[in-house]
Every structure is written in structure tokens, then in C-alpha cells.
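Got your viewer open and a hand on the selection tool? Let's take a walk through this one, stop by stop.

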Amino acid sequence: MKKLRWLLLVAVCGPFAYAQTPPSTFSANTRFEQLGPQLPTPNTFRTSSGAPGKDYFQNRADYDIKAELDDQNQRITATETITYFNNSTDALTYLWVQLDQNVFRPESIGSMSRTNSINAERGASAGQLDPSANLKAKHYGHNITAVRDAAGKPLRHTINQTMMRIDLPAPLAPGKSVVFGIDWNFNIVDVNKTGARGGYEFFPKDGNYVYEMAQWFPRMCAYDDANGWQNKQFLGQGEFTLIFGNYKVAITVPNDHVVGATGELQNAPQVLTPTQISRWNSAKGKGDKPGENPVVIVTQAEAEAAEKGKPTGKKTWIYKASNVRDFAFASSRKFIWDALNPDVEGKRVWAMSLYPKEANPLWGQYSTRLIAHTLRSYSKRTFTYPYPVAYSVHGPVGGMEYPMMSFNGARPQEDGTYSEGTKNFLILVVIHEVGHNFFPMIVNSDERQWSWMDEGLNSFLEGLACLEWDPDFPAHGIEPQYITDYMKLSPSQQVPIMASSDNIPPNTFGPNAYSKPATGLNILRETIMGRELFDYAFKEYSRRWMFKSPTPADFFRTMEDASGVDLDWFWKGWFYGVQPVDQSLVDVDWFQPASQNPEVTKAEARAAAQARLNTVSRQRDAANKANTVVAQDSTMKDFYNSYDPYAVTEQDKKKYQDYLATLSPDERKMAESGGNFYTLSLKNNGGLPMPVIIRMEFEDGTDSVARFPAEIWRFNDVQIKKVISTSKKVKQWTLDPYSEIADINTDDNAFPPATNKPTRFQLFKQQQQRPGGGAPNPMQQQRQQQQAGQAPAKQGAGKN
């Protein structure tokens with residue numbers, strides 16, 4: 001502890017005193033400058049506030065589609081009529097259409113640009129040697145058989161990989177529309193062999209298929225103020241850029257299939273039995289009160305009977321959807337179908353699940369309830385869900401999203417048991433994929449260019465919804481401490497969040513597009529902005545861009561515009577950069593102010609003088625003190641032998657009172673407090689500035705947390721000093737005590753430094769591997785115990 005000569009240069013601010021940073025510690029940096037030219041210039045299409053401008057436009061396409069699913073050959077044959085509306089101010093001489101199925105052709109850019117290598121020790125599989133090997137069994141891709149105008153005349157068209165340009169006979173003027181038709185067919189891919197976002201799964205035990213159909217029809221490209229035509233090729237990673245429209249789709253399938261799709265079923269009496277319609281009506285609940293539990297419309301027994309039978313004909317299911325950007329469907333005779341009609345902010349919405357028996361009992365218990373929960377949670381934070389239905393479908397696709405329709409994985413073991421990880425994945429993936437109805441199906445960002453704008457925002461809301469489902473859910477995707485392993489990677493192993501979707505390395509796509517932006521939003525909400533400001537601004541962004549197409553600048557600007565918080569430093573560091581957060585607490589100096597009170601100062605001086613006299617020599621000579629000359633001869637004493645230099649005089653007291661009279665009440669309180677002043681020396685080793693959060697543990701067992709905004713680094717982004725005053729003595733200091741800022745190295749966050757801890761290791765016997773894989777899951781273990789006559793372990797033991 002050091003005594004601090006009292007200087008009245010300290011400003012009082014609440015419980016802490018802040019000493020001004022000396023000019024010598026200044027280090028020039030640009031971390032807190034505005035983004036400026038890194039953002040596009042505001043204009044009448046997109047304003048500087050982040051809102052759509054007065055001239056904002058978006059084109060529209062309406063579709064009338066007739067498609068037939070060939071269950072024998074796994075093939076789609078279809079025709080569509082598209083009405084395209086040009087709402088821009090430009091005359092369009094051609095139109096661009098997306099042919100996503102062409103990505104499955106071996107000669108596609110997506111296939112040809114995949115890299116691979118051979119490991120000298122482990123070798124390589126056939127699939128590794130030829131990544132497109134599974135695409136050579138059949139001719140895959142869109143086979144376009146006709147492109148014609150409204151009168152049936154052929155239209156000139158050119159196919160370039162996954163894009164097709166249609167040349168118009170005359171330019172399409174602003175405010176006008178054009179009608180044209182396309183006929184096509186294609187072979188459906190096996191999802192398990194290709195990793196596709198849509199396709200089929202074959203179940204060899206019963207010889208049946210589940211189809212999850214997506215990117216299956218020629219779709220219009222977007223034309224907007226930011227890009228003109230967004231006709232960037234589909235390479236397989238960067239997803240989709242689409243426009244809104246109205247759909248009428250007639251899907252012909254074997255007459256024992258159940259079909260779910262984007263939109264509302266138009267002809268239920270023609271495709272469902274009277275019993276199934278009755279069940280559907282009962283799922284609506286009674287009166288205005290929705291039912292609490294899903295109602296099974298197609299039972300497992302009915303699905304199993306269909307599995308064993310053969311179709312006797314065909315049925316056509318007709319669906320309509322308004323103001324959607326895409327259309328997907330699922331079809332199978334294996335489907336069980338359950339439904340719930342919950343209230344979502346005063347509006348009744350259908351929550352429905354389709355799944356084969358292999359998904360039970362997990363799916364029957366959780367899927368539809370999770371849909372309802374997701375719609376409520378997301379609506380609360382954005383806008384009321386506007387569509388009439390939301391589906392969750394189980395099949396081969398692990399997780400994909402479309403308007404009102406999601407394909408989700410998480411399948412139990414064949415014996416019906418499942419691990420906790422499988423259950424948690426079901427919760428997470430249903431919430432995530434149903435949540436995509438909000439981003440990007442309604443807030444319609446450009447996925448081909450900016451994956452994070454839908455995946456990151458959706459992952460953030462997913463984490464909040466998971467915790468609202470179960471407060472103990474492992475929502476690692478939004479917690480800062482779980483992104484640190486990724487942020488520890490060297491800059492050469494990362495790309496910024498703002499990187500184009502197809503340029504993100506596949507092995508880091510998850511943290512880059514999902515976890516890092518989601519975690520960043522959670523840091524904004526919990527640590528930088530606070531919940532109230534963040535929630536208001538996020539909802540404002542969602543409402544502004546509902547059924548519109550925002551860019552990153554629109555998001556950044558709206559978050560600042562609606563909150564009044566300058567976040568450019570955060571966007572620059574977290575979204576445009578790859579530097580990590582790494583703060584360290586280098587040193588702490590302890591001071592106490594030197595008192596001006598003579599009663600205190602002279603007592604301290606007396607004690608110090610007496611301590612200096614207490615030498616070993618004087619201790620040993622103490623017994624001989626009476627034999628000294630002065631002790632034996634009083635004539636050798638004078639004034640100074642009785643003088644006490646540490647006695648408090650009246651003059652001392654007056655001088656002290658005169659000093660106090662010059663102080664303000666706050667200054668006098670601090671001068672007389674006898675408090676403690678600590679100078680913290682902090683370093684920003686990682687480069688990315690963040691708020692400084694410091695926990696103080698006091699000698700009396702209590703603690704307190706001090707928070708300083710990230711702007712504390714604006715004059716020196718490398719090292720700073722900060723003075724904190726306390727009335728109690730601090731025994732331990734800890735930076736980022738609650739893991740809020742994604743600090744990649746917490747070993748240097750404590751002062752005094754934490755003592756070394758031993759590295760523990762596990763002592764074990766060699767065990768033979770369990771036949772068929774790893775250890776049984778807990779549900780299987782309990783069954784084995786019951787079969788052996790043992791009492792099963794209490795469920796939930798060891799959990800809070």
C-alpha cells in the first residue's frame with residue numbers, strides 16, 4: 001500500500017473515483033472512428049437511418065405450378081406459369097431464373113471447385129477421391145423442355161450453370177408485368193449420399209421413401225437497387241436470394257401419400273378421409289380456446305398400414321400461399337401427421353408436424369409443441385407471425401428452412417431410446433428452422449451474399465427461445481465463452497463475418513455465419529447496450545424490413561438509429577475484423593490518501609519513528625539503559641530531552657481547519673474517508689476493444705462489480721490505467737468475471753494471479769469397445785438395468 005499525497009484532481013462519480021489519463025499514455029488508433037466509406041452511401045432507396053427510402057422497390061413473381069412426383073423412379077415432372085411484375089424504375093430486356101438442381105451436375109462450378117487430397121497414412125475413400133461420384137449414377141439437374149410466352153410461343157433462353165437468362169421480345173417497362181411458362185423435369189437426389197438440402201430417403205426395411213422437396217422449381221432471381229440482377233451462381237454453400245409472390249401449387253402423388261407444403265391446403269375433402277378431417281377440426285380446440293396438446297390427424301397405425309400396402313391411384317394436393325419467397329413440400333406414405341392450433345399474439349396459427357414412425361416417440365412428444373413455442377417467442381421479439389401455418393417435417397435433411405415449412409433431423413435409436421444430445425438437437429433444430437420463417441423468409445436478406453444476416457440473427461433468437469423452453473438448456477451458440485476457441489484461430493484461418501457466403505471456409509462456416517454473429521448480438525444485448533435498448537432496436541429493424549430485403553448497412557444503421565448508441569467500433573471489430581478479445585489485468589497498485597489531520601499525521605509519524613528505533617541493537621541495549629550518562633546525570637538534559645515533536649498543537653489544529661474550509665462537501669467527505677484507491681494497469685492483447693468489467697472481492701467477504709464502456713480504450717487501444725476507489729480493502733480482482741466479452745485467455749484476468757492448479761488425468765482400465773459402437777445411451781442403460789433386475793438410477797439425478 002502506498003500513501004497518496006492528497007491532490008484535488010480527483011472527480012467524484014458515484015462510488016468510484018476516476019483519475020484523468022495522463023497525455024503520455026495516448027496511443028493513436030482508429031478503432032472508434034465511424035465506418036464511413038465502408039458502408040454504401042445512403043440514397044432514396046435506403047436511408048441513412050437504416051429504413052427503406054421513399055423510392056424503395058422490390059419486384060414480384062406469382063407462380064401457378066402443376067407437378068407430379070414419380071415414386072417409382074424418384075423423379076419430378078412439372079410445368080409452371082410465372083407472372084413477373086417489374087416494380088423498378090428500369091426497363092428490363094431479359095429475366096434471370098434460378099435452376100438450383102443444376103448444382104448436382106458433375107460439371108457444375110460447385111462440383112468442380114471442391115478440393116480434395118489423399119492422406120499418405122490413412123488413404124482416401126472413393127467419395128474423397130471423386131466428390132461428385134454420387135452424382136454420376138443418373139443425369140441430375142433441371143431438364144428444361146420448354147420456355148414459352150403467354151401465347152405459347154417459344155422464348156429464347158440461355159442456360160449458364162445454375163442460372164437461365166430469358167430474352168424478352170420487348171423490354172419490360174417499369175410498372176408492367178409479363179407472363180411466361182416453363183416445363184421441366186429432374187431426377188431427385190438421395191440426400192444421404194449427396195448432403196443436399198432436399199431430396200429423398202429410402203427406408204430399406206419397408207421399401208418406402210420420404211421426400212423433402214426444395215429448390216425443385218425454376219425460381220426468379222432478385223432484381224434490386226443494391227445489385228441489379230442477383231444472379232451469382234449457386235455453388236452449394238451460399239444459399240438463396242429470392243423475391244416475394246403468390247403461389248398456387250398442385251402436387252400429384254400416389255394416393256396413399258400424405259403431403260405437407262408451404263401455404264394452406266385447398267382441397268382437404270378430396271385428399272383426406274372424413275375421420276382425418278374430423279380430427280383436424282378437433283385440433284382447432286373449442287371455441288376461442290385453443291387445444292393444449294397436438295391432435296394426431298394421420299395416426300401411426302394408419303401410416304404403418306400404408307407402408308405395407310400399395311397405391312391404387314393418384315391424388316392431387318392443392319396448396320396456396322400468399323406473399324412468400326419460396327415453396328417447398330414433403331410427401332410420403334410413411335408420414336404420421338399431428339397438429340396444434342395455438343394462439344400467437346391474438347392470432348390462431350396451425351403448428352403441424354409430419355414424421356415417419358422411426359422418429360417416435362421423440363417427435364410425437366416434442367416437435368409440434370416446439371413449433372408453437374418458437375412462433376410465440378420470435379413474435380414477441382420481432383413481429384406477430386403473419387402466416388397461417390408452420391410445419392416441422394422429419395426426413396433425411398438435418399435442418400433446412402422454407403416459408404411455413406422446415407425439414408429437421410434428430411432421430412431416436414431403432415429401439416426408441418435416444419441420448420440427451422439427440423433430444424437437445426431436436427429442440428434446437430426445430431426452434432432454429434421454424435425460426436427461419438422470420439429470418440430470412442419474412443425479413444428477406446440476401447443469403448447468397450450474407451449468410452450471417454439470417455443464420456446469425458436466427459441463431460441469436462434461437463438461443464433465447466431455447467432458454468425460454470428450458471432454463472438449463474445448453475444454449476452454447478450465444479454464450480461468449482463458447483466462441484473463444486474459434487476466435488483463438490490465427491487470422492489466416494478465419495475470414496470476417498462480412499465475407500461473402502461462398503468464400504467462408506467450410507470448416508469454419510458454422511462459427512462464422514451462426515455462432516459468432518449470434519454471440520455478438522448477445523454481447524450487445526447483455527453487456528454493451530442493455531436489454532431495453534437492444535430489444536427495442538432489434539424489433540424496429542424487424543418491423544422496418546418485414547417483407548422487404550435489407551442489407552447489412554440497413555441493420556447496422558437501424559440498430560444505432562433506434563437505440564442512440566454508437567456501435568461502429570463494434571461492427572468494425574466483430575463483423576469486419578478477425579482480431580480476438582484478450583484483456584489482461586497486469587498490475588494493481590494500492591494507495592490511500594495522506595491525511596491532513598494532525599491527529600492522524602503526527603500519530604502515524606510517531607509510530608513510524610518508534611518503528612525505526614526498534615533495532616536489534618537497541619533491543620539488546622535496553623537492559624543497560626539506566627547506566628547511560630543522561631540517565632545517571634540529569635544536568636545533561638535540556639529542552640529537547642522532554643520535547644515531543646509529535647504532539648498536536650493549537651497551531652496545527654487551526655491550519656487543518658483552514659484547509660477544510662477550502663473544500664467542497666464532496667471533497668471534504670473524500671478527504672476524511674480514509675478510503676482505498678487502486679490503480680489498475682490493463683492491456684488489450686487481442687486488439688478488439690470491449691467493455692472492461694472488473695469484480696472486486698473485499699476482505700469482509702462481500703464483492704462488487706465495476707463496468708466501464710469500451711470507449712475507455714479510445715485514446716489508447718493497447719494499454720490503459722484506471723483508478724477505482726473503495727471504502728473497503730480489496731483482496732482479489734477479476735476481469736470479465738461472468739464470461740461476457742469472449743476473452744480468449746482468462747489466465748491473466750486475476751490479480752493477485754491465481755495460483756497454479758494441477759493438471760488432472762484419468763486413471764482407467766483398458767476396455768473393449770462395445771459391439772455396434774460406443775456406450776449405450778442412458779435410456780438404454782436403464783432398460784438393461786431393469787432387465788437385469790436392478791433398480792434404475794433415479795431420473796434427473798445429479799441435475800439441478
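What follows is a tour of sheets, rings and core residues, with something to select at each stop. Keep in mind that this is a predicted model.

**Stop 1: a six-stranded sheet**

Start by colouring strands 19, 22, 25, 26, 28 and 27, in that order: together they make an open sheet with mixed pairing. At the edges you'll find strand 19 (295-298) and strand 27 (399-402), each of which pairs on one side only. Step across the sheet and the twist averages 20° from one strand to the next.

Now zoom in on strand 25 (residues 350-355) and strand 26 (residues 389-394), which pair in the parallel sense over five bridges. Select Leu 354 and you'll see Val 393 of strand 26 standing opposite. Then add helix 7 (residues 362-381), which packs on this sheet. Helix 7 touches strand 22 (336-340), strand 25, strand 26 and strand 28 (405-408), and its direction makes about 150° with that of strand 25.

**Stop 2: a four-stranded sheet**

Next, pick strands 11, 12, 21 and 17. They form an open sheet in that order, with antiparallel pairing. Strand 11 (199-203) and strand 17 (258-261) each have a single partner strand, so one side of each is left without a neighbour in the sheet. On average, neighbouring strands here are turned by 10° against each other, direction ignored.

For a closer look, take strand 17 with strand 21 (residues 329-332): the two pair in the antiparallel sense over four bridges. Show Ala 261 and look across to Phe 329 in strand 21, which stands opposite.

**Stop 3: Tyr 63 and its ring partners**

Switch to showing Phe, Tyr and Trp side chains. The count of aromatic pairs comes to 53. Centre the view on Tyr 63 and Phe 217: the ring centres are 5.4 Å apart and the planes sit at 80°, so this pair is edge-to-face. In sequence, the two are 154 residues apart, with Tyr 63 in strand 4 (residues 60-70) and Phe 217 in the loop between strand 12 (208-213) and strand 13 (219-220). Are these two buried or exposed? Both Tyr 63 and Phe 217 are buried.

Stay on Tyr 63 and add Tyr 247. Here the ring centres are 4.6 Å apart and the planes are at 10°, so the pair is stacked. Tyr 247 lies in strand 16 (residues 245-254), and since Tyr 63 is in strand 4, the pair ties together parts that are 184 residues apart in sequence. If you colour by accessibility, Tyr 63 has a relative accessible area of 5% and Tyr 247 one of 3%, so both fall under the 20% cut-off for buried.

**Stop 4: the core and a ring cluster**

Time to select the largest nonpolar core, which holds 196 residues. Which members touch the most others? They are Tyr 84, Trp 216, Met 220, Trp 337, Phe 555 and Trp 574. Apart from that core lies another one, of five residues, including Val 495, Ile 504, Phe 509 and Ala 513.

Go back to Phe 555 and show what surrounds it. Setting aside residues up to four places away in sequence, Phe 555 touches Trp 452, Met 453, Leu 457, Leu 521, Phe 538, Tyr 541 and Trp 571. Phe 555 also belongs to a cluster linked by ring pairs, with Phe 32, Trp 452, Tyr 541, Phe 556 and Trp 574 among the other members.

While Trp 574 is on screen, bring up Lys 516, which lies over the face of that ring at 5.6 Å from the ring centre. A similar sort of view is worth setting up for Arg 60: its charged end sits over the ring of Phe 85, 4.1 Å from the centre.

**Stop 5: Asn 231**

Select Asn 231, in the loop between strand 15 (228-230) and strand 16. Asn 231 is partly exposed, with a relative accessible area of 27%. Leaving aside neighbours within four places in sequence, Asn 231 is in contact with Trp 96, Met 163 and Cys 221.

**Stop 6: strand 34**

Finish at strand 34 (residues 730-735). Five of its six residues are buried, so this strand is largely enclosed by the rest of the structure. Strand 31 (residues 692-698) pairs with strand 34 in the antiparallel sense over five bridges, and Arg 695 stands opposite Thr 734. Strand 34 also runs antiparallel to strand 35 (residues 750-751), joined by two bridges, with Trp 733 opposite Phe 751.

Key. Residues are numbered from 1 along each chain as its sequence is written. This is a predicted model: local features need pLDDT of at least 70, side-chain atom pairs count only at pLDDT 80 or more; totals for chains, interfaces and linings use all residues. Side-chain values use heavy atoms; hydrogens and water are left out. Buried means under 20% relative accessible area, exposed over 50%, partly exposed in between (1.4 Å probe, protein chains only). Two strands pair if DSSP finds at least two bridges between them. A nonpolar core is a set of buried Ala, Val, Leu, Ile, Met, Phe, Trp, Tyr and Cys residues joined through side-chain atoms within 4.5 Å. Contact means heavy atoms within 4.5 Å. Rings of Phe, Tyr and Trp (its six-membered ring) pair if their centres lie within 6.5 Å; planes under 30 degrees apart count as stacked, over 60 as edge-to-face and the rest as tilted. A charge sits over a ring if NZ of Lys or CZ of Arg is within 6 Å of the ring centre and within 35 degrees of the ring normal. Axes are lines fitted to C-alpha atoms, for helices over the stretch in contact, and angles run from 0 to 180 degrees between N-to-C directions.
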